[in-house]
Amino acid sequence: MKKIFVDATEAVEETVALFIEGAECVLTGTTINSMSIKEKNDEYERFAQEYDINFIFDDEIPEIDFYTVPLIDIMATDSRGGYIGTIGEMTDFQSDAPICYISKERKCYILASNGIEFINGVTAWKKHMKPYENIVIYSSKEEATKEIAFMKSTNLGRTENIAN
């Protein structure tokens, strides 16, 4: 099956879903899922203190210096310089999207098969890390374009058949 790569960092906000007959659409890039500072509370502080999971808020958005295929939507950091995120879609703890960890050395590990499993096992999340080889981490999108062709974001939102 043909793969269509779509840069999630450039996708238009109105794009909710993308279906192309005869092709697999792969969202790519590294995005940040930050929360409003109004949402900061004792529970998020407890996650930081007890579990070394620092959820990202609008006043402390980290600079990401890599680009992933498929998409990693980063929701938290840890004290070792790593990132916790959702693979393949935007973070939603109710979805079936896997949760991963990207180390400071740019190695990827699976933490849980979905958000609920991650939250349920949060007390020992560092012990659940399993190497994961299905993520390619590039230094930039420019590096990624040397190996894959992206669908232009100007094509998003059109209803024509763009697979042919």
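Let's start with the fold: this protein chain has three helices and eleven strands. Keep in mind that this is a predicted model. From the N terminus, the order is β-β-β-α-β-β-β-β-β-β-α-β-β-α.

Some totals next. The chain has 164 residues, and 42% of them count as buried. Its accessible surface is about 9,800 Å². Carbon and sulfur atoms make up 47% of that surface. Now take the contacts with a separation of 6 or more. Of these, 42% join residues 24 or more positions apart.

On to the inside. In soluble globular proteins, nonpolar side chains tend to be buried together. Which residues have the most contacts inside the largest nonpolar core here? They are I53, F55, I84, I99, L111, F118 and W125, in a core of 17 residues. Four elements give two or more residues to this core: α1 (42-51), β6 (72-77), β8 (99-102) and β9 (108-112). Strand β9 gives the most, with three residues.

Let's look at L111. Set aside its neighbours within four places in sequence. L111 then touches I84, I99, C100, Y101, E117, F118, W125, H128 and M129. Apart from the core of 17 there is another one, with eleven residues. F66, Y83, C100 and C108 are among them.

Now the aromatic rings. How many aromatic pairs does a search of the whole structure find? It finds eight. Take Y67 and F150. Their ring centres are 6.0 Å apart. Their planes meet at 85°, so this pair is edge-to-face; the cut-off for that is over 60 degrees. The pair links distant parts of the chain. Y67 sits in strand β5 (residues 67-69), while F150 sits in the segment after α3 (141-144). That puts the two 83 residues apart.

Are these two residues buried or exposed? Buried means under 20% relative accessible area. Y67 is at 5%, so Y67 counts as buried. F150 is at 16%, so F150 is buried too. F150 has another partner: K141 lies over the face of its ring, 4.8 Å from the ring centre.

One more aromatic group. Ring pairs link Y44, F47, Y51, F55 and F57 into a cluster. We met F55 a moment ago, with the residues that have the most contacts inside the largest core.

To recap: three helices, eleven strands. There is a core of 17 residues, and apart from it one of eleven. And the pair of Y67 and F150 links distant parts of the chain.

Definitions and conventions:
Residues numbered from 1 in each chain as written. Predicted model: local features only at pLDDT ≥ 70, side-chain atom pairs only at ≥ 80, totals over all residues. Heavy atoms only, no water. Buried < 20%, exposed > 50% of the residue type's maximum accessible area, 1.4 Å probe, protein only. Contact = heavy atoms within 4.5 Å. Areas by Shrake-Rupley, 256 points an atom, 1.4 Å probe, with all protein chains shown as cover. Phe/Tyr/Trp six-rings, centres within 6.5 Å; stacked < 30°, edge-to-face > 60°. Lys NZ or Arg CZ within 6 Å of the ring centre and 35° of its normal. Core = buried A, V, L, I, M, F, W, Y, C linked by side-chain atoms within 4.5 Å.
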